[in-house]
Amino acid sequence: MAAPCGGPGPPPPSSAAAPGPSAGVGPRVCFAAGAAAEAPEEAPGRRQGKVTVRYDRRELRKRLHLEEWILAQLTALYDCREEEIPELEIDVDELLDMESDGARSARVQEILVDCYKPTEAFVGDLLEKIRGMQKLNTPQKK
């Protein structure tokens with residue numbers, strides 16, 4: 001819950017901020033500490049714990065680094081900003097399901113067919129990075 005910063009405690013009852021020493025500085029927003037105390041069943045710590053139990057944290061971190069690397073490489077390959085990259089979907093789980101590196105390489109080359117720069121180095125590096133990774137399965141609800 002966002003509230004005007006005025007010190008600890010719940011937000012003031014009215015939405016208008018009373019003039020005070022910081023009135024000329026401009027609006028500031030901070031998160032009220034009372035919001036977490038009102039609903040302890042929905043505390044972020046609880047939900048985060050369930051996520052880390054169902055997924056391997058190390059594997060999630062490796063996947064995040066891989067996705068960031070892929071994005072940086074695609075930005076360089078297409079010689080554009082991140083927002084201007086053509087709509088591509090390189091599904092790592094799909095690649096991990098394939099039988100051989102040849103099939104993986106052919107699939108990535110097929111995805112990058114519109115790229116005018118050479119993609120062989122990117123494909124080789126990608127295959128090297130996914131070697132040994134685990135497929136992320138959707139967690140089962142208990």
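1. A residue is called buried under 20% relative accessible area, exposed over 50%, and partly exposed in between. By that rule Arg-131, with a relative accessible area of 45%, is partly exposed. The model discussed in this note is predicted, and the remarks below should be read accordingly.

2. Overall architecture. The chain contains 6 helices and 2 strands. Along the sequence these elements follow the pattern β-β-α-α-α-α-α-α. Of the 142 residues, 21% count as buried.

3. The aromatic pair. The structure holds 1 aromatic pair. Its members are Trp-69 and Phe-122, whose ring centres are 5.5 Å apart and whose planes meet at 15°; the pair is therefore stacked, the cut-off for that class being under 30 degrees. Distant parts of the chain are linked by this pair, since Trp-69 belongs to helix H3 and Phe-122 to helix H6 (residues 120–130), with the two positions 53 residues apart. Both Trp-69 and Phe-122 are buried.

4. A charge over the tryptophan ring. Trp-69 has a further partner in Lys-129. The charged end of Lys-129 sits over the ring of Trp-69, at 4.9 Å from the ring centre. The description of Trp-69 thus includes both the stacked ring of Phe-122 and the charged end of Lys-129.

5. The second largest pocket. This pocket encloses about 290 Å³ of space. Its lining comprises 14 residues, and those closest to the centre are Glu-67, Ile-70, Leu-88, Glu-89 and Ile-90. Helix H3 (57–77) and helix H4 (92–97) each contribute at least two lining residues. H3 provides the largest share of the lining, namely 5 residues. In composition, the lining has 8 nonpolar and 6 charged residues, with no polar ones.

6. Asp-93 and Arg-63. Asp-93 is located in helix H4. Its relative accessibility is 16%, so Asp-93 counts as buried. The side chain of Asp-93 is in polar contact with the side chain of Arg-63, at 3.1 Å.

7. Arg-104 and Asp-101. Is Arg-104 buried or exposed? Its relative accessible area is 14%, and Arg-104 is therefore buried. The residue is part of helix H5 (residues 101–111). A polar contact of 2.8 Å connects its side chain to that of Asp-101.

8. Arg-131. This residue, partly exposed as stated in the opening point, is placed in the segment after H6. The side chains of Arg-131 and Glu-128 are joined by a polar contact of 2.7 Å. Arg-131 also has a spatial relation to Leu-96: their C-alpha atoms are 8.3 Å apart, while the two residues are 35 residues apart in sequence.

9. The loop between H5 and H6. Two residues of this loop merit comment. Leu-112 lies in the loop and has a relative accessible area of 2%, so Leu-112 is buried. Its C-alpha atom is 9.7 Å from that of Glu-89, with the two residues 23 apart in sequence; Glu-89 is among the residues closest to the centre of the second largest pocket. Lys-117 lies in the loop between H5 and H6 as well. With a relative accessible area of 30%, Lys-117 is partly exposed. The C-alpha atoms of Lys-117 and Ala-76 are separated by 9.3 Å, and these residues are 41 residues apart along the chain.

10. Backbone geometry at Asp-79. Which residue has a positive phi although it is not a glycine? This is Asp-79, where phi is about 50°. Asp-79 is situated in the loop between H3 and H4. Its relative accessible area of 54% is over the 50% limit, and Asp-79 is therefore exposed.

Technical notes:
Residues numbered from 1 in each chain as written. Predicted model: local features only at pLDDT ≥ 70, side-chain atom pairs only at ≥ 80, totals over all residues. Heavy atoms only, no water. 1 Å grid on protein atoms, 1.4 Å probe; cavity = no way out; pocket = protein on both sides within 12 Å on 5 of 7 lines; lining within 4 Å. Points joined across faces, edges and corners; volume = space filled by probe spheres on them. Helix = DSSP H or I, 4+ residues; strand = E, 2+ residues; numbered from the N terminus. Nonpolar A, V, L, I, M, F, W, Y, C, P; charged D, E, K, R; others polar. Phe/Tyr/Trp six-rings, centres within 6.5 Å; stacked < 30°, edge-to-face > 60°. Buried < 20%, exposed > 50% of the residue type's maximum accessible area, 1.4 Å probe, protein only. Lys NZ or Arg CZ within 6 Å of the ring centre and 35° of its normal. Polar contact = N/O pair within 3.5 Å; in protein donor to acceptor, adjacent residues only side chain to side chain.
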